[in-house]
Amino acid sequence: MAQNAWEKVQALTAQLNRYRDEYYNGNAPSVSDAVYDRMYDELALLEMETGIWMTDSPTRTVGFEAVSELEKTNHPIPLLSLEKTKSVEELVSFVGEHQILLMLKLDGLTVKLTYEDGKLAQAATRGDGDTGEVVTHNVRGISGIPQNIPYRERLVVSGEAFIRPGDFHRLRETLTDSSGERYKNGRNLAAGSVRLLDGAVCRERKVMYMPFTVVEGFPELGLKSEKLRKLPELGFQVCKFVISRRSLTCQEMEDGIGKLRQFASDNDIPIDGIVASYNDIAFSLSCGRTGHHYKDGLAFKFEDELHETKLLAVEWNPSRSGEISPVAVFQPVQIDGCEVSRASLHNMSFIEGMELKPGCRILVSKRNMIIPHVEENLDRGDFSLAEVIPDKCPCCGEPTRVHESRSIEDGKEKITKTLFCDNQNCETRRLRQFVHFAGQKAMNIEGLSEATLEKFIGRGWIHTYMDIYELDRHRNEIIQMEGFGEKSWQRLWDAIQGSRNTTFERYLIAMDIPMVGNTASRTLCRQFHGSLEEFEDAVHHQYDFTQLPDFGDTLHNNIHEWFYDEENLYVWEVLQQMLNIEINSPGDGMVSVSENPFVGMTIVVTGKVEPYTRSGINAKIESLGARAGSSVSSKTDYLVCGEKAGSKLAKARELGVKVLTPEQFFRMAGE
Ligand SMILES: [Zn+2]
C-alpha cells in the first residue's frame with residue numbers, strides 16, 4: 001500500500017510538473033485549468049493523507065524554473081502566488097472581520113516593474129517567485145507601462161500583462177506558437193509575447209499592463225487600497241478592485257464577485273477568478289507565508305466546469321485544405337445555459353492521446369466559456385487507432401492519407417498526425433474553398449451562402465472563382481430556381497459586382513494561401529505598399545518572408561509553394577484582371593484604418609456621444625473601416641452607449657452585443 005501511494009504521488013507530481021512546464025515555458029498547456037486543478041487537488045489530498053511528498057511538488061513550489069535565453073534576475077521580495085479556492089463559503093470565512101480588497105484576477109503573465117528616481121529601471125517576470133526573467137526590452141511594446149513617473153522614491157509594482165479577449169480572437173487567426181499550433185488562449189499568447197527576445201514583435205500583439213500591488217513605495221500609507229489609488233496619477237491604469245465592509249454574507253460576496261465579473265466582461269478584460277486580500281498592510285504582513293503562497297489573500301478561481309457525457313460518434317469533415325478534421329458528437333449537455341453536443345477533436349494524435357472511441361464516457365467543458373472541448377476520457381484502454389480512422393474520404397470515397405508533422409517540444413520530438421483527402425475535386429473541399437472566397441473577410445459577397453454555392457456548383461456553373469463574376473450568364477435559370485426570384489438575383493448580382501472593388505488584404509485572404517489570414521495579409525500589405533504586383537514580384541525573387549514579424553518558416557514555405565503551383569498562379573493573374581484592387585500608399589490614412597480593432601465591424605451608437613452629432617459619429621465609425629448601423633441586431637458587433645441611452649441598450653444586453661462607453665470606444669480606436 002505504502003509503495004503504491006508513493007508511486008502515485010511521484011507520478012502525479014511528475015505529470016503536474018510537465019503541465020507546469022508547458023504552461024510557463026512552452027506557452028501551450030496540453031490540459032485545461034480544470035483538469036490541472038483536479039489533479040492538483042488529488043495530489044494535495046494524497047500528500048496530506050500519506051505524509052509523502054516530492055521536493056519538487058507543485059503544492060510547495062511556484063511557477064516553474066525559467067529556461068529561456070532571457071537574462072535572469074532575483075526578486076528580493078519573493079513574488080509568490082495565493083492559495084486557491086472554489087468555494088464562496090471558504091472565501092467568506094477567510095475574510096472574517098477584516099476589510100478586504102476584492103480584485104479581478106487577471107489572466108496573463110505577472111510582471112514586476114521597478115522604478116528608480118522616476119525612471120523605469122527594470123521589468124521582470126515572476127518566474128518561480130525567486131528568480132524571474134528580465135523583459136525590460138519589451139515594455140515599450142506593452143501599453144500601460146509609463147517609462148517615466150512623477151515619483152522620485154523607489155517604486156516596485158507587480159501587475160499583469162495580458163491581451164484583451166477581443167484582440168486575441170483577431171490575433172489567433174494567424175499566429176502560431178513554437179510548435180506551429182494556434183494559441184489556445186490569450187494568456188499563452190500574452191506570456192509568449194512578453195517573453196520574446198525581439199521587442200518589435202511584442203508591439204504587434206496588443207499586450208496591456210495593469211498593476212495590482214504596490215510592493216515597495218509610499219511607505220507612509222497603511223492600506224493597500226491607498227497605495228493603489230496613488231498609481232493613476234503616475235500614469236498607470238490599476239486593476240479594478242472594490243473594498244468590502246467588515247464581514248460579509250455569502251450572498252454579499254457572491255454579488256461582489258458577480259459585479260466584478262460583469263465589469264471584466266463589459267470591458268473586455270480577461271480574468272480567471274477574483275482575488276480577496278486583507279487591505280491592512282500591517283495585518284497582511286503578520287499573516288506570514290509558506291514557500292508557495294502568501295497567507296494574506298485567497299484566490300477564488302472560476303473554472304471551466306467539466307460535464308460528463310457519452311461519446312456517440314466521431315465525424316470526419318474535409319476542410320478546404322484537404323485536411324479531414326475529426327469532430328466529437330456526444331450526448332447533449334447543458335453548459336452555461338447552452339446545449340452542447342459537438343466539439344472539435346483537432347487531429348488524429350488528439351484522438352490517439354485520449355484513446356477516444358464511441359461509447360466512452362468523456363468530460364467536456366467550454367474553454368474560456370466559449371469553445372466546447374473534450375477534456376478527458378474516463379474509459380481509456382482497449383484502443384486501436386485503425387478502428388477509429390476512416391481509410392476512405394467520407395465525402396468522395398478516395399483513399400485517405402496520414403500526414404505526420406514533427407516539432408520539438410520540451411527538447412523532445414513531438415509527432416502530430418493529421419488525416420488528408422488529396423483529391424483536388426473532392427466536393428466538400430471545393431465547396432469550402434468557395435465559401436471561404438465569398439466570406440466576410442475575403443471577397444465579402446453577401447448572399448452567396450454555402451447553400452447557394454452548393455446549388456450553383458451542383459449545376460456545373462461554378463468551377464473557378466472567375467465563374468462567380470460571370471454568373472449572369474445563368475441569370476434566366478437562376479431566377480427560376482426555388483427560393484430565387486428576380487429580386488434576390490439582383491441583390492446577389494449587385495453584391496458580386498460590389499465585391500469587384502476590393503483591397504490587397506481581401507484579395508490575399510480570398511486566395512487562401514495556408515495560414516495567410518487577417519494579420520499576415522495586413523503585414524504583407526504594409527510591407528508591399530498595398531501592391532499585389534510588388535508582392536508577387538518579391539515571391540518570384542525568392543523573398544525571405546521570415547524577416548517579417550510573426551512569419552515563421554512554415555508561413556514562408558506556404559507562400560512560395562502556393563505560387564509555385566501553376567493553377568494558383570493562373571487564378572491569381574486572371575482574377576485580378578476582373579477586379580479593381582484599391583492601391584493604398586502608406587500614410588494616406590490606410591494605416592489607421594487597418595490598425596484599429598473595428599475594421600469590418602458593425603457599430604451602432606445610442607445616446608449622446610460628445611462632442612459628435614449623430615452623423616458626425618457615424619462618419620467617424622466609417623473612417624475606422626467599420627459600418628455604422630442604425631438598429632441593434634444579432635449582426636451588431638458593438639453598441640457605443642452615450643448619455644441618455646434608450647431601448648437599444650436593453651436590446652444589446654438581451655442579444656449579448658458588446659457595449660462600450662464612448663471613452664472605451666475612442667481608446668480602442670486609438671485616440
Ligand atoms: Zn475527399
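## Close-up views of loops, a sheet and a helix pair

**View A. N444 sits in the loop that joins α12 (427-438) to α13 (450-458).** Welcome to the first stop in this predicted model. N444 is not a glycine, yet its phi is positive, near 55°. Is N444 buried, exposed or partly exposed? There are 17 other C-beta atoms within 10 Å of N444, so this residue is partly exposed: a buried residue would need 20 or more, and an exposed one would have 12 or fewer.

**View B. H529 occupies the loop between α18 and α19 (532-540).** Here, too, a residue other than glycine has a positive phi, and for H529 the value is near 55°. H529 has 14 C-beta neighbours inside 10 Å and therefore counts as partly exposed.

**View C. An open sheet is built from five strands, with mixed pairing.** Reading across the sheet, you meet the strands in the order β2-β12-β11-β3-β10. The edges are β2 and β10 (241-243), each of which pairs on one side only. On average, and ignoring direction, neighbouring strands are turned by 30° against each other.

**View D. β12 (residues 293-301) pairs with β2 (residues 81-85) in the parallel sense.** Five bridges link β2 and β12. To find your place in this pairing, look for T85, which stands opposite F300 of β12. β12 also pairs with β11 (residues 271-278), this time in the antiparallel sense and over five bridges. A handy landmark there is A276, whose bridge partner in β12 is L298.

**View E. β3 (residues 100-106) and β11 form an antiparallel pair.** How many bridges connect β3 and β11? There are seven. In this pairing, K105 stands opposite G273 in β11. Helix α8 (residues 250-266) packs on the sheet and touches β3, β10, β11 and β12. The directions of α8 and β3 make an angle of about 40°.

**View F. Helices α17 (residues 504-511) and α18 (residues 518-527) cross at roughly 130°.** Their axes come within 9 Å. The crossing angle makes α17 oblique to α18, because angles over 115 and up to 145 degrees fall outside the perpendicular and antiparallel ranges. The crossing of α17 and α18 is right-handed. Which residues make the contact? From α17 come F504, E505, L508 and I509, and from α18 come S521, R522, L524 and C525. Sorted by character, the residues of this contact are five nonpolar, one polar and two charged.

Note on methods: Residues numbered from 1 in each chain as written. Predicted model: local features only at pLDDT ≥ 70, side-chain atom pairs only at ≥ 80, totals over all residues. Axes fitted to C-alpha atoms, helices over the stretch in contact; angles between N-to-C directions. Helix = DSSP H or I, 4+ residues; strand = E, 2+ residues; numbered from the N terminus. Parallel < 35°, antiparallel > 145°, perpendicular 65-115°, else oblique. Left-handed = near helix turned anticlockwise from the far one by under 90°. Contact = placed C-beta atoms within 7 Å. Nonpolar A, V, L, I, M, F, W, Y, C, P; charged D, E, K, R; others polar. Pairing = 2+ DSSP bridges.
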